Amino acid sequence: MSITVDDIKNTETAAVDNLSSPNAPVLQISDLTIASVSDNGKAANKLVQGVNLSIRPGEMLGLVGESGSGKSMTASAVLGLLPKSLQVTEGHIYLNDIELGSLSEKERRCLRGKEVAYIFQNYQGSFTPFLKIGKQLVEAIRSHEQVSFKEAKETALEWLHRVQLPADRVYGSYPFQLSGGQLQRASLAAALMMKPSLIIADEPTTALDVLTSEQVLDLLVRLQKETNCAVLLISHDLTHVLKRTDRMAVMYGGSLIEAGPTEIVRQNAQHPYTQLLLQARPLLTACMPEKLKTIPGDPGAVADKGCPFALRCPSRIEQCAKRPAMNSVGEIHSAACHVINGGGSDHEAAVGSQTNQQIVHS
Ligand code: SF4
């Protein structure tokens with residue numbers, strides 16, 4: 001007998017009372033820590049540490065950071081798709097009112113695709129190459145819902161149409177017969193047709209050209225508004241995140257370092273890394289500088305102890321040898337940095353005021 005989402009929700013161990021209101025977070029991650037596991041099964045290095053995130057229905061949260069910052073690993077933990085060498089060692093992940101860590105692999109499989117959908121960076125990997133798109137969509141629908149082939153086909157065609165594809169032709173095509181943009185639209189259809197409450201879009205446009213990327217992301221935003229699902233948009237492209245998300249969270253070296261409403265972070269970034277990231281964007285509205293600003297140090301260099309950004313931070317002080325906690329820097333804005341949390345004012349003179357002026361005018 002197959003397990004349904006409702007079966008999972010009804011299990012006593014999975015239910016969490018305080019998340020049951022209509023505007024309760026779809027996804028709530030609290031104190032998530034992921035570590036690599038040595039051969040003897042013991043947790044070794046912490047690769048993601050103490051991450052807290054939540055997304056409500058109809059909200060788009062952008063998760064930004066350099067390669068290796070822990071964005072995709074966090075998403076894999078939500079999906080229960082971490083490789084065997086990695087393990088969630090602390091914290092909890094709730095999807096609606098279900099604590100994912102309490103589920104069996106069979107129960108998690110039931111949620112994937114139905115309650116939480118994933119849009120891959122590599123759109124070619126979204127479909128099996130030797131099966132027609134239509135057949136794959138129909139199979140996906142029928143694996144989660146008890147509907148006839150005819151009904152499943154109607155749903156698949158309807159969604160191919162909604163993602164602005166020539167539905168009949170794409171339904172009967174093999175993946176290799178479609179362009180990259182068409183395949184990514186088809187994978188959007190595959191993700192949305194089950195009406196999931198959460199979509200994780202992991203660098204969904206990295207492999208597409210600029211124009212097609214814009215079109216695919218605009219489509220995602222439009223369909224999200226129509227379906228009211230929550231979206232976690234993972235991207236290293238700050239421009240996409242600034243343009244489309246309601247809130248953003250910035251990760252560095254496996255830790256969350258700043259989070260808040262996107263517009264507030266854009267105009268008033270507090271963490272040195274976020275400020276430098278914003279400065280490094282070329283702006284078409286400004287005069288072209290002789291040299292674009294870059295972030296000092298080696299990309300991805302993470303301090304073993306204390307603040308993960310300490311090896312590259314132009315504002316570091318003695319206290320940075322201790323790990324900073326995320327603290328409130330505004331009503332709904334928080335950041336993890338000793339300097340902005342009262343460690344000293346030199347930093348603001350050196351980096352903050354200069355950066356903020358540039359950010360406000362951007
Ligand atoms: S805690 Fe220290 S090293 Fe880290 S970002 Fe703040 S000033 Fe820089």
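The following exercises, with worked solutions, concern the predicted model shown above.

Residues are numbered from 1 along each chain as its sequence is written, and side-chain values use heavy atoms, with hydrogens and water left out. Because the model is predicted, local features need pLDDT of at least 70 and side-chain atom pairs count only at pLDDT 80 or more, while totals for chains, interfaces and linings use all residues.

**Exercise 1. The chain as a whole**

Task: State how many helices and strands the protein chain has, and what share of its residues counts as buried.

Solution. Step 1: The protein chain holds 13 helices and 12 strands; helices (H or I, at least four residues) and strands (E, at least two) are DSSP runs, numbered from the N terminus. Step 2: The chain has 362 residues, 50% of which count as buried. Buried means under 20% relative accessible area, exposed over 50%, and partly exposed in between (1.4 Å probe, protein chains only). Step 3: Among contacts with a separation of 6 or more, 67% come from residues 24 or more positions apart; a contact means heavy atoms within 4.5 Å.

**Exercise 2. The ligand shell**

Task: Identify which residues are around the ligand and how they divide into nonpolar, polar and charged.

Solution. Step 1: The shell consists of His271, Pro272, Cys307, Ala310, Cys313, Ser315, Arg316, Cys320, Pro324, Cys337, His338 and Val339. A residue is near a molecule if one of its heavy atoms lies within 4 Å of it. Step 2: The shell residues divide into 8 nonpolar, 3 polar and 1 charged. Here Ala, Val, Leu, Ile, Met, Phe, Trp, Tyr, Cys and Pro count as nonpolar, Asp, Glu, Lys and Arg as charged, and the others, Gly among them, as polar.

**Exercise 3. Helix α11 and Glu318**

Task: Determine how many residues of helix α11 are buried, and whether glutamate 318 is buried or exposed.

Solution. Step 1: Helix α11 spans residues 272-279, and 8 of its 8 residues are buried. Pro272 and Tyr273 are among them. Step 2: Glutamate 318 lies in the loop between α11 and β11 (327-330). Step 3: Its relative accessible area is 78%, so glutamate 318 is exposed. Step 4: Glutamate 318 and histidine 338 are 20 residues apart along the chain, with 9.5 Å between their C-alpha atoms. Histidine 338 is one of the residues around the ligand.

**Exercise 4. Two residues with positive phi**

Task: Locate asparagine 96 and lysine 195, and state which value phi takes in asparagine 96 and in lysine 195.

Solution. Step 1: Asparagine 96 is found in the loop between β4 (86-95) and β5 (98-99). Its phi is near 55°, a positive value in a residue other than glycine. Step 2: Asparagine 96 counts as buried because its relative accessibility is 17%. Step 3: Lysine 195 belongs to the loop between α7 (180-192) and β7 (198-202). Its phi, near 50°, is also positive in a residue other than glycine. Step 4: Lysine 195 counts as exposed because its relative accessibility is 61%.

**Exercise 5. Pairs separated in sequence**

Task: Give the C-alpha separation of glutamate 105 and glycine 80, and that of proline 57 and valine 26.

Solution. Step 1: Glutamate 105 is part of helix α3 (residues 105-111), and at 39% relative accessibility it counts as partly exposed. Step 2: Glutamate 105 and glycine 80 are 25 residues apart in sequence and 8.1 Å apart, C-alpha to C-alpha. Step 3: Proline 57 is in the loop between β2 (43-55) and β3 (60-64), and a relative accessible area of 24% makes proline 57 partly exposed. Step 4: The C-alpha atoms of proline 57 and valine 26 are separated by 6.0 Å, with their positions 31 residues apart along the chain.
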